[in-house]
Amino acid sequence: MVKERARILVVGGGYVGMYTALRLQRKLQQELKRGQVDITVVTPDPYMTYQPFLPEAAAGSISPRHVVVPLRRVLDRCRIVVGEVTAIDHAKRTATVTTLATTEEGTGAEQLTYDELVLAPGSISRTLPIPGLAEYAIGFKTVEEAIGLRNHVIEQMDIASSTRDPAIRDAALTFVFVGGGYAGVEALGELEDMARYASRYYHNVQAEDMKWILVEASGRILPEVGEEMGKYTITELRRRNIDVRLETRLDSCADRIAVLSDGARFPTRTVVWTAGVKPHPLLAASDLPLNERGRLKCTAELTIEGTPHAWAAGDAAAVPDVTAEPGKETAPNAQHAVRQAKVLGDNLAHSLRGEPLETYSHKYVGSVASLGLHKGVAHVYGRKLKGYPAWFMHRVYHLSRVPTFNRKARVLAEWTLSGLFKREIVSLGSLEHPRAEFELAAGGKPPQNPNQNPDQNPNQDPKGSS
């Protein structure tokens with residue numbers, strides 16, 4: 001039994017935040033009923049994104065709404081606050097929070113007080129001061145970015161199909177991906193597969209017309225699956241006419257021209273940046289101890305080093321790997337994050353009850369990666385797989401890991417239907433600008449054609465044909 005009332009603040013609604021709160025709900029069920037424990041989760045989005053499914057969502061194999069888990073439904077005994085923690089003063093046990101309401105009210109940020117802190121804000125894309133990157137590139141960490149990229153790729157095929165300018169056509173059909181890790185390789189593999197399939201419905205766009213370029217600064221890709229499987233992946237991608245450039249950097253993408261460090265220049269309208277992540281800026285706005293890479297110094301029990309009543313795991317935490325040689329840390333990936341969240345939730349409950357803590361110990365079992373429909377690589381428990389078996393293992397593994405039975409059933413149903421019917425290749429780019437049509441109807445923009453009737457749709461031919 002908890003000795004005194006405890007207010008638990010969970011910062012972040014990703015893997016660690018959601019799974020920790022879910023574990024606390026189960027472990028502290030009686031205490032929650034008696035009002036001895038309060039759990040508050042502060043998250044920028046009211047859902048958790050299962051990121052391994054983002055490439056398939058971008059390719060149209062999975063609906064976007066099935067890639068996310070609604071936190072209010074899953075964490076029904078927690079208080080969900082949609083907002084951002086901008087600073088933490090652990091000495092005073094306070095967190096500065098901004099929400100949509102505080103923005104509307106104009107009253108400034110709120111101060112939340114707590115007794116126990118679980119810090120799991122995750123990471124953000126690591127960018128470099130490359131000319132044009134902020135203006136033209138797109139990331140691949142959120143479901144919005146994944147669906148936006150899918151719409152964008154199909155839109156570029158539409159542009160290439162309708163333009164008479166060879167330069168515009170060439171730029172529209174050139175796609176540059178920067179970063180040879182999981183996100184970059186899987187996104188490239190799935191989207192190239194989708195675009196290749198979509199090209200059969202265009203009368204003047206062939207799969208061979210498209211240029212897909214993968215830029216990686218190191219000498220290998222997918223290091224998690226081992227050197228042999230990494231080399232196989234390069235061979236497989238090149239067999240599909242994908243230009244893989246190792247030990248190469250993106251120097252500029254200003255004016256929609258990708259300039260690489262090897263001197264190559266590619267006019268392109270698509271640059272996808274997946275070149276790593278860095279700790280969330282919130283960590284620097286706290287009084288908690290950080291290591292040289294800006295991550296929280298943690299113990300093997302997932303407490304923050306030298307800081308009572310503070311816990312952390314996942315991308316934001318430097319957790320010692322007790323299964324490896326001294327000084328090694330666990331990799332910041334989903335495999336560790338989900339398991340760390342379970343131990344963190346148990347240890348927090350143990351701490352409140354005055355019980356001994358557990359040590360986080362998990363030996364890395366391997367990795368799986370999808371390279372498109374029926375294509376993949378895997379290195380699991382020392383066994384190496386490629387092609388269809390690896391792709392099948394990728395789907396089975398992630399289906400077992402996606403949270404809630406509801407999501408598992410929906411994803412499985414979509415996979416089954418996609419095997420029976422053709423792919424959907426519709427671009428819904430207007431979703432990104434839902435008010436555009438109404439603004440046009442309300443006179444927000446003048447007609448493009450000076451001879452056009454003001455009451456006529458500017459996208460319609462003056463003679464009335466569409």
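**Helix α1, the parallel sheet and enclosed cavities**

Thr20 is found in helix α1, which spans residues 15-27 (helices, H or I, of at least four residues and strands, E, of at least two are DSSP runs, numbered from the N terminus). The model is a predicted one, in which local features need pLDDT of at least 70 and side-chain atom pairs count only at pLDDT 80 or more, while totals for chains, interfaces and linings use all residues. Residues are numbered from 1 along each chain as its sequence is written, and side-chain values use heavy atoms, with hydrogens and water left out.

Because its relative accessibility is 0%, Thr20 counts as buried (under 20% relative accessible area, with a 1.4 Å probe and protein chains only). Apart from neighbours within four places in sequence, Thr20 is in contact with Val118, Ala341, Leu344 and Gly345 (heavy atoms within 4.5 Å).

An open sheet of 5 strands follows the order β10-β17-β11-β12-β13 with parallel pairing (two strands pair if DSSP finds at least two bridges between them). Its edge strands are β10 (137-138) and β13 (242-245), each of which pairs on one side only. Strands β11 (residues 174-178) and β17 (residues 270-273) are joined in the parallel sense over 4 bridges, and Val176 has Val271 in β17 as its bridge partner.

The largest cavity (on a 1 Å grid over the protein atoms alone, a set of points where a 1.4 Å probe fits but cannot get out, with lining residues having an atom within 4 Å of a point) is lined by residues including Tyr136, Arg256 and Val271.

Technical notes: Buried < 20%, exposed > 50% of the residue type's maximum accessible area, 1.4 Å probe, protein only. 1 Å grid on protein atoms, 1.4 Å probe; cavity = no way out; pocket = protein on both sides within 12 Å on 5 of 7 lines; lining within 4 Å.
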